[in-house]
Amino acid sequence: MAEKPFTGLTASLKIGTDPDKKVLAYVSGVDMTLEKEIIEILAFGMSFKEKVPAIKDWSISIDGTVALAKDGTQKQLYDAFESGAAITVGIYLDATTYFEGTGYVSSFNISAAPDDKISLTSEIAGSGATTLTLPT
């Protein structure tokens, strides 16, 4: 059974792209930008323009606090952002409706005292489309 986000927190972070990977943390202060453009093309021999969807881009800005998920550690969080590997991000609209996509961290700053809250600022650039999951 999937863990539910903590009250007031708006994103989950998973390590890697495997759907069976566990949620590492929940993060507040997340802002997601989705973009999609339509390109008009006129290929050789065509008498009219054809419209095709362009690559979908998305990005996430994080400036908030982190609540580690069950069994998540500060070291795992730091390693996920430092590794350069793709991370999976889910943006929850409510407990069962969320956007999910895989992206790469372009910048981050994690500050955490052992006995205090973890603060995170980061920019994540999406690689490919996001998936919107709706309640069943």
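Q: How much area does the chain expose?
A: About 8400 Å² (Shrake-Rupley method, 1.4 Å probe; for residues, only the protein chains shown count as cover). Carbon and sulfur atoms supply 54% of that area.

Q: What kind of model is this?
A: A predicted one: local features need pLDDT of at least 70, side-chain atom pairs need 80 or more, and totals for chains, interfaces and linings use all residues. Residues count from 1 along each chain as its sequence is written, and side-chain values use heavy atoms, without hydrogens or water.

Q: How many helices and strands are in the chain?
A: 1 helix and 10 strands (DSSP runs numbered from the N terminus: H or I, at least four residues; E, at least two). In sequence order they read β-β-β-β-β-β-α-β-β-β-β.

Q: What share of the residues is buried?
A: 30% of the 136 residues (buried is under 20% relative accessible area, exposed over 50%, partly exposed in between; 1.4 Å probe, protein chains only).

Q: Which residues have the most contacts inside the largest nonpolar core?
A: Ile 60, Leu 77, Phe 81 and Ile 124. This core has 20 residues (buried Ala, Val, Leu, Ile, Met, Phe, Trp, Tyr and Cys, joined through side-chain atoms within 4.5 Å).

Q: Which element gives the largest share?
A: β6, with 4 residues. Other elements giving two or more include α1 (74-82) and β9 (118-126).

Q: What does Ile 124 touch, beyond its sequence neighbours?
A: Its contacts (heavy atoms within 4.5 Å) include Trp 58, Ile 60, Phe 81, Val 89 and Tyr 104.

Q: New topic: how many aromatic pairs are there?
A: 2 (ring centres within 6.5 Å; Trp counts by its six-membered ring). Tyr 78 and Phe 108 have centres 5.9 Å apart and planes at 65°, so they are edge-to-face (over 60 degrees; under 30 is stacked, the rest tilted).

Q: Where do those two sit?
A: Tyr 78 is in helix α1 and Phe 108 in strand β8, 30 residues apart.

Q: And what is the pair of Phe 81 and Phe 108 like?
A: Tilted: 5.6 Å centre to centre, with 50° between the planes. Tyr 78, Phe 81 and Phe 108 form one aromatic cluster.

Q: Is Phe 81 buried or exposed?
A: Buried, because its relative accessibility is 4%. Phe 108 is partly exposed at 26%, and so is Tyr 78 at 40%.

Q: Last one: where is Thr 96?
A: In the loop between β7 and β8 (98-112). Leu 134 is 38 residues away in sequence, yet 6.3 Å away in space, C-alpha to C-alpha. Thr 96 is in contact with Leu 134, as well as Thr 133 and Pro 135.

Notes. Lists of a residue's contacts leave out its neighbours within four places in sequence.
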